[in-house]
Amino acid sequence: MKYCISTVIVLFLSVLFAFAQEDQYLIGKKAPSFTLKDIDGKVYSLEQMKGKYVVIHFAATWCPFCNAEAPNLEELYKGYHNKNVQVFIVDVKEDKGLVEKSLSRFNFSFPVLLDVNGEVSASYAPEGVQPDLARHEVPLASNLILDKEGNIRFYSLLNSVSFDAKLTKLKQKLDELLQMK
């Protein structure tokens, strides 16, 4: 029986990250800084986002979990952008043309940033969770919330057991943070 490489990768990621969801040692730490271009060439930096809550989703066009969450990320953005929340997808190590073609079906109204060499993704990879993976692959299909000071307040690594395409836990945490004003 032949398996598509993306199916094998997703299954492998799911098994590896089954325990990672529980380890939240990145919570409360300063988010690694970055500056990336979006699909249109506009430059975004984490420093520009000071004073806003930031939701980051690391993705790749071949990732079925990422694609399942995509419409819900758009819904999240539409529901929260007037509440001082910025949403980004960070596409990891893919060609701009491929990303544009693949993501055009979602018609995002928020930026899709290109991490062309995987350095940003790798900087968000927790230590010790990547036995046979490249560092940039570890955060794929993960979601983060950064507070107004740039600290990580929510980090959900891919876990197929508790995979939440509708982003229920992320929205609960975001609502909690917004009420704390």
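This is a short walk through one protein model, from its overall fold to its spaces and a few single residues.

Keep in mind that the model is predicted. So let me start with confidence, because pLDDT is the predictor's confidence in each residue, from 0 to 100. The mean pLDDT of the protein is 81. Of its residues, 74% reach 70 or more. One stretch needs a warning. Over residues 5–23 the pLDDT is below 50. That stretch still makes 30 contacts in the model beyond near neighbours in sequence. Where pLDDT is low, the predicted coordinates should not be read in detail.

Now the fold. The protein has five helices and seven strands. Starting at the N terminus, the order is α-β-β-β-α-β-α-β-α-β-β-α. The chain has 181 residues, and 52% of them count as buried. Take the contacts between residues at least 6 apart in sequence: 70% of these join residues at least 24 apart. The accessible surface comes to about 9,000 Å². Carbon and sulfur atoms account for 54% of that surface.

On to the spaces. How many cavities of 30 Å³ or more does a search of the whole structure find? Two. I will show you the second largest. Its volume is about 70 Å³. The lining residues are H57, A59, A60, T61, C66, N67, A70, I89, D91, L103 and F106. Which elements each supply at least two residues of that lining? They are β3, residues 53–59, α2, residues 64–80, and β4, residues 85–92. Helix α2 gives the largest share, with three residues. By class, the lining of this second largest cavity has seven nonpolar residues, three polar and one charged.

Next, the largest pocket. Its volume is about 210 Å³. Around it you find D38, I39, D40, E100, L103, S104, N107, F108, F110, P111 and V112. By class, that makes six nonpolar, two polar and three charged residues. Look at L103 for a moment. L103 lines the second largest cavity, and L103 also lines the largest pocket.

N107 is another residue of the pocket lining, and its backbone deserves a look. N107 has a positive phi of about 50 degrees, although it is not a glycine. Where does N107 lie? In the loop between α3, residues 96–103, and β5, residues 112–115. Is N107 buried or exposed? N107 counts as exposed, because its relative accessibility is 64% and the cut-off for exposed is over 50%.

There is another asparagine to look at. N84 has a phi near 70 degrees, again a positive value in a residue other than glycine. N84 is found in the loop between α2 and β4. Its relative accessible area is 29%, so N84 is partly exposed.

From that loop, step into strand β4. Q86 is found there. Is Q86 buried or exposed? Buried, because the relative accessible area of Q86 is 10% and the cut-off for buried is under 20%. What does Q86 touch, leaving aside its neighbours within four places in sequence? Its contacts are M49, K52, Y53, V54, V55, Y77, F110 and P111. Two of those names should sound familiar: F110 and P111 are also in the lining of the largest pocket.

Over to strand β3. F58 has its place there. With a relative accessible area of 0%, F58 is buried. F58 and L144 are 86 residues apart along the chain. Their C-alpha atoms are separated by 8.8 Å.

Last residue: S45. S45 is found in strand β2, residues 43–45. At 12% relative accessibility, S45 counts as buried. Which residues does S45 contact, once neighbours within four places in sequence are left aside? F34 and T35. F34 is eleven residues away from S45 along the chain. The C-alpha atoms of S45 and F34 are separated by 5.6 Å.

To recap. The model is predicted, with a mean pLDDT of 81 and a pLDDT below 50 over residues 5–23. The second largest cavity holds about 70 Å³, and the largest pocket about 210 Å³. N84 and N107 are the two asparagines with positive phi that I showed you. Q86, F58 and S45 are the buried strand residues to find on screen.

Definitions and conventions
Residues are numbered from 1 along each chain as its sequence is written. This is a predicted model: local features need pLDDT of at least 70, side-chain atom pairs count only at pLDDT 80 or more; totals for chains, interfaces and linings use all residues. Side-chain values use heavy atoms; hydrogens and water are left out. Helices (H or I, at least four residues) and strands (E, at least two) are DSSP runs, numbered from the N terminus. Buried means under 20% relative accessible area, exposed over 50%, partly exposed in between (1.4 Å probe, protein chains only). Contact means heavy atoms within 4.5 Å. Accessible areas come from the Shrake-Rupley method with a 1.4 Å probe; for residues, only the protein chains shown count as cover. On a 1 Å grid over the protein atoms alone, a cavity is a set of points where a 1.4 Å probe fits but cannot get out, and a pocket is an open set with protein on both sides within 12 Å along at least five of seven lines; lining residues have an atom within 4 Å of a point. Grid points are joined across faces, edges and corners, and a volume is the space filled by probe spheres set on the points. Ala, Val, Leu, Ile, Met, Phe, Trp, Tyr, Cys and Pro count as nonpolar, Asp, Glu, Lys and Arg as charged, and the others, Gly among them, as polar.
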